Structure formats: C-alpha cells, structure tokens
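Biologist: I'd like to learn how to read a model like this one feature by feature. Could you walk me through it?

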Amino acid sequence: MSNTFEKLEGNMAEITITVPAEDFKKACVDVYNKTKSRFTFDGFRKGKVPMQFIEKVYGPAVFYEDAANDLINKTYFNEIKDIELEIVSNPEISVSQMEKGKDFIYKAKVATKPPVKLGDLSQLEIEKVDTEVTDEDVETEINSDLKKNATREDVTDRAAAADDIATINFEGFVDGEAFEGGKGENYDLTLGSGTFIPGFEDQIIGHEVGDSFDVNVTFPENYNAKDLAGKEAVFKCELLGLKCNNVPELDDEYVSDATDFETVDEYKADVRKRLEERKQNSAKRIREERAVDKLVEMSEVELPEPMIRYQQEKMLDNFAQQLQYQGMDLNQYLNMTKSTREEMLEQVRPEAEKQIKRSLIVEAVADAQNFEVTEEDVEAEYEKMAKQYNMEVDKIKEIVSGDHAESMKADIRMLKASEYIRDMAKEV
C-alpha cells in the first residue's frame, strides 16, 4: 500500500493511493463470496456457481465496483492518517486503474486547510456593550417572577382579554378547503403571546365563552409551509373556556413566603445583583462574538468549495438529529415544507461560511500566540463538567477520554484564543 499527493490551486490537493494487485484480487473474491447466492445457472446449485464461470459470462469486471468500494472504505482513512496535509472535506474519489492482475489505483481530491492572513489585533475595535442595570430592568424581572407564581382562575363574567388563556377548537380553510395541520381541539392559547399567525389571537379578544366565530388571517409570505405562504385563510373557531392569571401583589408578606428574603427592598437588591452578574456574563459573550466577527472582517482567507459543502452537510445532519428528537425525519420535514435538500443546504451556506471563518481565525490566533492547554486547564474543565452534570470527576474522566479528551483540549485552546481576541478589542 502506498500513497502520494499533489497540491493544487485553491487550497485543494489530490491524493493517489495504490492498492497491491493481490489485495484487489482478494477484494473481488470477498465480493464473490458475499454475492454468489444471487447467481443462478442451469447445472449449478444456488450459491455454487464458480467465480470463473460468472466472470466468463458477465466479464471480469462483474465484481470490480463492489470490490473497489470495499477497498476505498477500508484504505482511505488509514492512508491519510499520517499524510502531511490538513484535510477539511470529504474526498471526491476517482478510479485511475482497475484491471485484473494489476494494482488498484484511485485518486482522492480533497480540500486542505487554507492559510489565514490575520488582521492587526492592535487595531481591533468593537461597539461598546451596555452593562447598566436600570430600575426598569429590575421591575421587569420582578414582574416576570410574579407571573411565574401566578395562579389560574376561570373567567365567567367577561369577554376574552389580552393575556387570558383561551381554550379553543379551530379548523382552518383556504379557498373553502380544509388544509393539513389547520385543526385543533381543546387548544390552550395565551392571547397576545404571538404563538399563532399574526392577527389570529387579536380576533379572539372580545368574544365570550360559548361563542362560535370566524377568524380571518393571511399567512406570512415566509411561512414554512410554502403552499400556504401569502394565502388568505378562514378559521372556524369556538371559544370553550377562559382563564386568567392571578398575579400576586409584591409586598413583604409575599417576599417572606416566596423568597429567601423578608422585605421587598432586600428582594429588589438581590434581583439587581443577579441582573448585574447576568449582564456582565452576557457582555463577555457579546464582546467575544463582536471581536471575533470584526477580526474575521479584518483578516483574509480563501475557503475551498468542498470545505464549505462539508460544513453545510454537517449542519444539515445536526438539524436532522434535532428532528429525530421530535419524532420526525428529514424527508418528512422536506415534504412538509415543500423544499429540497439542496435548497436547505443553500439556506445554511452563509452560516456555514461564517462558522468556518470564525474557527480558522480563532485557531490562527491560538497558533500565533502559542497557546497551550495545561493539566490545570484540563482538571478545571473536568470539575466544571462534573458540577454541570452532577457526577463524580472520576466518572467524567472515564466518559471523556481518548478522542473526546483531545477534542475537549482543542476546545479549551480555542476558548483561550477567543478570550484573548475579546480582551484585545477596544470598545468605542
């Protein structure tokens, strides 16, 4: 087994991998043994047709394609393991030689990690991040806490109003025809939440329990179901029930019962402190994101097309996994949204390019600054993970080992570089 490679323009490379003739012959025999039961000829029992006879009838290439695929799958990753290229895409495979009695030779065209010309970090400027906590912020947070402790009560003496929880039956029609997904029964809808199509919830307000009525809406132009986008619809609705949230009054008695404090002033002081900590932490993330994005703008890097495609495919695969958690597969989603895989790949392309550039620039800074990951860094991360997942540190170390541990170290190194970029940026 041997390999050679040639660097091409545009951060591409072509790797030539040669598999000895004996290995190719063995691969053909393996394919024959796996598939011989498919061949039937008069005079031979099923699965007993000699390989030479099959090759004579169909030609010697009858087993070549499957043998080639098996060999490529078995040899490619092993052959590139120690090659002096940083490969950042899936290979584009082409077969150069595939003949009986000869070496099997194939080529793999790949994208390689592109060089980065970093912008001048001393000139890095970002917009100032606001970290002030106002009295209004405190009041908003307290009101949110109060609503979480609200109790629900049936409404029987008035019409539906904003913030009520309406229980409804509904069925939607477009051009007089019911459409898929447009029907619901005993559905609880908070009026004013913006959960439904714009205008839907507003038209429930003012109706009383027991009312049946029409709600007229227009689907947004960017609606997910393309066959409904921009179309007018009528929903036949019935208001089955109403509830309102009974929000408690903020006073010392409430504070004493519902919190760890005795007075409203103590509670407000704690809320302000929590908000200040939250805003400071949020500000760090925002500064980091702005600084990295600005450095990307100031830097130069040429992304090879296969590298972008690889990232697009990864993003779509991640999305497909998320759909599986919701009991849906990607094909179902594509059918439901009347879109194709290629259209979705094109939709994620800008984000794919952004993610690649951010990663390359941050890694370039880590290299330029010679950042290293110490044992103390690793131990601190194990401790953090143990606390996060409520597990023993030793158990975390068992789980996060081998390649996972190396990936964790790489993440720590990238985090150091991101924080360095953030700290170098001047706020203006």
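Biologist: Let me start with a helix: what covers the buried residues of α2?

Modeller: Before that, keep in mind that this is a predicted model. The cover over the buried residues of α2 includes α1, which spans residues 21-35.

Biologist: Which residues of α2 are buried?

Modeller: In α2, residues 51-58, the buried ones are M51, I54 and E55. Looking down the axis of α2, these buried residues fall within an arc of 100°, so they line one face of the helix. Q52 and K56 are exposed on the other side of α2. Just after the helix comes G59, with a positive phi near 100°.

Biologist: And α1, which helps to cover α2? How many residues does α1 have, and how far does it reach?

Modeller: Helix α1 has 15 residues and reaches 21 Å from its first C-alpha to its last, close to the 21 Å expected at 1.5 Å a residue. Its buried residues are F24, A27, C28, V31, Y32 and T35. These residues cover an arc of only 140° around the axis, which puts them on the same side of α1. The face turned away from that buried side carries E22, K25 and K26, which are exposed. As for the cover over the buried residues of α1, it includes α2, α3 and β4.

Biologist: You mentioned a strand, so let's turn to the sheet. In what order do the strands of the open sheet of 4 strands come?

Modeller: The order is β1-β2-β4-β3, and the pairing is antiparallel. At the edges stand β1 (2-8) and β3 (92-97), each with a single partner strand, so one side of each has no neighbour in the sheet. On average, neighbouring strands of this sheet are turned by 20° against each other, direction ignored.

Biologist: How many bridges join β1 and β2?

Modeller: Strand β1 pairs with β2, residues 12-19, over 7 bridges in the antiparallel sense. To find your place on screen, look for S2, which stands opposite T18 in β2. Helix α3, residues 64-80, packs on the sheet and touches β1, β2, β3 and β4 (104-111). The direction of α3 makes about 55° with that of β4.

Biologist: Now for aromatic rings. What describes a pair of them?

Modeller: A pair of aromatic rings is described by two things, the distance of the centres and the angle of the planes. With centres within 6.5 Å as the cut-off for a pair, the count here comes to 22 aromatic pairs. Take F196 and F200: their ring centres are 4.8 Å apart and their planes are at 65°, so the pair is edge-to-face.

Biologist: Are F196 and F200 buried or exposed?

Modeller: The cut-off for buried is under 20% relative accessible area. F196 has 18%, so F196 counts as buried. F200 is buried too, with a relative accessible area of 0%. Both rings belong to a cluster linked by ring pairs, made up of F170, F179, Y187, F196, F200, F219, Y223 and F235.

Biologist: I also like to check backbone angles. Which residues other than glycine have a positive phi?

Modeller: Two examples will do. D163 has a phi near 80°, and N390 has a phi near 55°. D163 is in the loop between β6 (151-154) and β7 (165-174), while N390 is in the loop between α10 (375-389) and α11 (393-399). D163 is exposed, with a relative accessible area of 51%. N390 is exposed as well, with a value of 73%.

Biologist: Last, some charged side chains. Where is R422, and what does it touch?

Modeller: R422 is in helix α12, residues 403-424. At 15% relative accessibility, R422 counts as buried. Leaving aside residues up to four places away in sequence, R422 touches K284, R287, E288 and A291.

Biologist: And K354: buried, exposed or partly exposed?

Modeller: K354, in helix α9 (residues 341-368), is partly exposed, with a relative accessible area of 36%. From K354 to D130 there are 224 residues in sequence and 25 Å in space, C-alpha to C-alpha.

Note on methods
Residues are numbered from 1 along each chain as its sequence is written. This is a predicted model: local features need pLDDT of at least 70, side-chain atom pairs count only at pLDDT 80 or more; totals for chains, interfaces and linings use all residues. Side-chain values use heavy atoms; hydrogens and water are left out. Two strands pair if DSSP finds at least two bridges between them. Helices (H or I, at least four residues) and strands (E, at least two) are DSSP runs, numbered from the N terminus. Axes are lines fitted to C-alpha atoms, for helices over the stretch in contact, and angles run from 0 to 180 degrees between N-to-C directions. Contact means heavy atoms within 4.5 Å. Rings of Phe, Tyr and Trp (its six-membered ring) pair if their centres lie within 6.5 Å; planes under 30 degrees apart count as stacked, over 60 as edge-to-face and the rest as tilted. Buried means under 20% relative accessible area, exposed over 50%, partly exposed in between (1.4 Å probe, protein chains only). The arc is that of the directions from the helix axis to the C-beta atoms. The expected span of a helix is 1.5 Å times one less than its number of residues.
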